[in-house]
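The following account leads the reader through a protein chain, from its overall architecture to individual side chains. Please consult the sequence and coordinates alongside the text.

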Amino acid sequence: MKTLAAILVTGFAVMLGACAHSPVQVEIRPQVAVAPDTIGSGYTLSARGANQLGDEGLGSLGGVYADSSNVTLANNIEQAMSAALYQGFESWSFRSVEGAGDVQVVANLTELTYSSPNKLYTTKVNSGAAIQLQVTVKGATFFGNYSTSGKDRNLIKPSQEEVESTINQLLSATLQRAFEDEKLKAFLRQHL
């Protein structure tokens, strides 16, 4: 009887431990694939990312110890977003500069989440990204809001690599939407 009790206690402890998750740090590296264009030929551009997120992290993997299984940033998200912006606008023939350019771009990151709503175990994950893009040319300003969301189901806790990949895909897709916005292209053509 003691052996059965020991096996049950050990099994329960293993199951409870499987519900606990360690904190996860993710490195943000968004990428965009922008079709070449000559919109910016002969013009300079400065771009920067602005982190409008709070200090509480991106969310939680859930589990019994949801408060300790937070998803947080491992790198400077503002620099990562700036790099993606420069990558995209250079495809449109803009020459990137530090400081004031003919065109100034600010991407305000207003949402970046990865969270399991279930506090007992991780089976569902809700994720999302949103940016507000502000493009200024010769005193005229364009504002665009872009967002992407996702819902994933997992049988087991996602690895750090899976979490990082999901978040990077979301942010990349959100930035990609800006470069596919015909209103942004029309604004640039009108004001350059």
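The paragraphs below treat the chain as a whole, then the sheet and its helices, then one serine, and finally the salt bridges.

The model is predicted: local features require a pLDDT of at least 70 and side-chain atom pairs count only at pLDDT 80 or more, whereas totals for chains, interfaces and linings use all residues. Residues are numbered from 1 along each chain as its sequence is written, and side-chain values use heavy atoms, with hydrogens and water left out.

The chain contains four helices and eight strands. Both kinds of element are DSSP runs numbered from the N terminus, helices being H or I runs of at least four residues and strands being E runs of at least two. Along the sequence the elements follow the pattern α-β-β-β-β-α-β-β-β-β-α-α. Of the 192 residues, 42% are buried; here buried means under 20% relative accessible area, exposed means over 50%, and partly exposed lies in between, with a 1.4 Å probe and protein chains only. The accessible surface of the chain comes to about 10300 Å², and carbon and sulfur atoms contribute 53% of it. These areas come from the Shrake-Rupley method with a 1.4 Å probe; for residues, only the protein chains shown count as cover. Among contacts with a separation of 6 or more, 78% link residues 24 or more positions apart, a contact being heavy atoms within 4.5 Å.

Five of the strands form an open sheet with mixed pairing, in the order S5-S2-S6-S7-S8. Its edge strands are S5 (95-96) and S8 (140-153), each of which pairs on one side only. Two strands are taken to pair if DSSP finds at least two bridges between them. S6 and S7 are antiparallel and share 12 bridges; within this pairing, asparagine 108 has glutamine 132 in S7 as its bridge partner. On the other side, 14 bridges join S7 (residues 124-137) to S8, again in the antiparallel sense. Asparagine 126 is matched there with lysine 151 in S8, and alanine 129 stands opposite threonine 148 in S8. S7 and S8 form a hairpin with two residues between them, and lysine 138 in the turn has a positive phi of about 50°. Because 10 of its 14 residues are buried, S7 is largely enclosed by the rest of the structure.

Two helices can be placed relative to this sheet. Helix H2 (residues 77-91) lies across S2, S5, S6 (103-115) and S7, and runs at about 150° to S2. H3 packs on the sheet and touches S6, S7 and S8, its direction making about 150° with that of S8. For such angles, axes are lines fitted to C-alpha atoms, for helices over the stretch in contact, and angles run from 0 to 180 degrees between N-to-C directions.

Serine 46 offers a local view of strand S2 (residues 44-51), in which it lies. Its relative accessibility is 10%, so serine 46 counts as buried. Leaving aside residues up to four places away in sequence, serine 46 touches Tyr86, Val97, Gly99, Ala100, Gly101, Val103, Gln104 and Val105. The side chain of serine 46 also reaches the backbone oxygen of glycine 99 at 2.9 Å.

Which charged side chains form salt bridges? Side chains of opposite charge can pair when their charged atoms come close. With a salt bridge defined as a side-chain nitrogen of Lys or Arg within 4 Å of a carboxyl oxygen of Asp or Glu, the count comes to three. One of them joins glutamate 164 to arginine 29, with the closest N and O atoms 3.4 Å apart. Glutamate 164 lies in helix H3 (residues 160-179) and arginine 29 in the loop between S1 (24-26) and S2, so the pair ties together parts that are 135 residues apart in sequence. Glutamate 164 is buried at 13% relative accessibility, whereas arginine 29 is partly exposed at 43%.

Arginine 189 and aspartate 37 meet in another salt bridge, at 2.9 Å from N to O. Since arginine 189 lies in helix H4 (residues 182-191) and aspartate 37 in the loop between S1 and S2, this pair ties together parts 152 residues apart in sequence. Arginine 189 is partly exposed at 48% relative accessibility, and aspartate 37 is partly exposed at 23%.

Glutamate 182 and lysine 185 also meet in a salt bridge, at 3.5 Å from N to O. Both residues lie in helix H4, three residues apart, about one turn of the helix. Glutamate 182 is exposed at 52% relative accessibility, while lysine 185 is buried at 17%.

Note on methods. Polar contact = N/O pair within 3.5 Å; in protein donor to acceptor, adjacent residues only side chain to side chain.
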